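Hi everyone, thanks for making time. I'd like to walk you through one protein, so let me put it up on the screen.

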Amino acid sequence: MCTIDREVLQDVIDRIDIVEGYNARNRSPEADIESRAFAGEHEKPVSAGSDAHTHIELAGALVAVAPFEGPDDLLANLKDAPVWCRPANTTRKVNPQR
């Protein structure tokens, strides 16, 4: 379900800091599941995005990151941050514990 070829991702994995594991505009959960699995395989923190194209879709995804001082703190805090995702097309499982 990944839109970027895995070989390409492997080639640039050292330049990837965060993986979007929740996208509120995905029509099915498989792409998100695959993204989170990829993040786990490579020990990358997960983020979420509403990918809003209309005002109704705003705030479809949220990551409650603890306050941070810089990039390293952000990456560390993302690992335990609760994630909420309300897909634009349907109600999907909310996962506050990841």
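**A quick tour of the model**

Let's start with something that isn't there: if you search the whole structure for aromatic pairs, you come up with zero. One thing to keep in mind throughout is that this is a predicted model.

There is still an aromatic ring to talk about, though. Find Tyr 22 and look at what sits over its ring: that's the charged end of Arg 36, 4.2 Å from the ring's centre.

Okay, let's zoom out. How many helices and strands does the protein have? The count is three helices and four strands. If you follow the sequence from start to end, they come in the pattern α-β-α-β-β-α-β.

Now, contacts. Take those in the protein with a separation of 6 or more: 58% of them are between residues 24 or more positions apart. Keep that in mind, as the salt bridges give us some examples of links between distant parts of the chain.

What about inside and outside? The protein has 98 residues, and 31% of them are buried. On the outside, about 6500 Å² is exposed, with carbon and sulfur atoms supplying 52% of that.

Right, on to the salt bridges. The structure holds two of them. In one, Glu 34 pairs with Arg 6, and their closest N and O atoms are 3.8 Å apart. Why does this pair tie together parts that are 28 residues apart in sequence? It's because Glu 34 lies in helix H2, which covers residues 30-41, while Arg 6 is in helix H1, residues 6-12.

In the other salt bridge, Arg 6 turns up again, this time with Glu 41, and here the closest N and O atoms are 3.5 Å apart. This pair also links distant parts of the chain, with Arg 6 in helix H1 and Glu 41 in helix H2, 35 residues apart. Put the salt bridges together and you get one network of Arg 6, Glu 34 and Glu 41, joined through shared partners.

Is Arg 6 buried, partly exposed or exposed? Its relative accessibility is 30%, so Arg 6 counts as partly exposed.

Last topic: how far should we trust all this? The average pLDDT for the protein is 84, and 87% of the residues score at least 70. But look at residues 90-94, where the pLDDT is below 50; that stretch has nine contacts in the model beyond near neighbours in sequence. Where pLDDT is low, we shouldn't read the predicted coordinates in detail.

That's my tour, so over to you for questions.

Key. Residues numbered from 1 in each chain as written. Predicted model: local features only at pLDDT ≥ 70, side-chain atom pairs only at ≥ 80, totals over all residues. Heavy atoms only, no water. Helix = DSSP H or I, 4+ residues; strand = E, 2+ residues; numbered from the N terminus. Buried < 20%, exposed > 50% of the residue type's maximum accessible area, 1.4 Å probe, protein only. Contact = heavy atoms within 4.5 Å. Areas by Shrake-Rupley, 256 points an atom, 1.4 Å probe, with all protein chains shown as cover. pLDDT = per-residue confidence, 0-100. Phe/Tyr/Trp six-rings, centres within 6.5 Å; stacked < 30°, edge-to-face > 60°. Lys NZ or Arg CZ within 6 Å of the ring centre and 35° of its normal. Salt bridge = Lys/Arg side-chain N within 4 Å of Asp/Glu carboxyl O.
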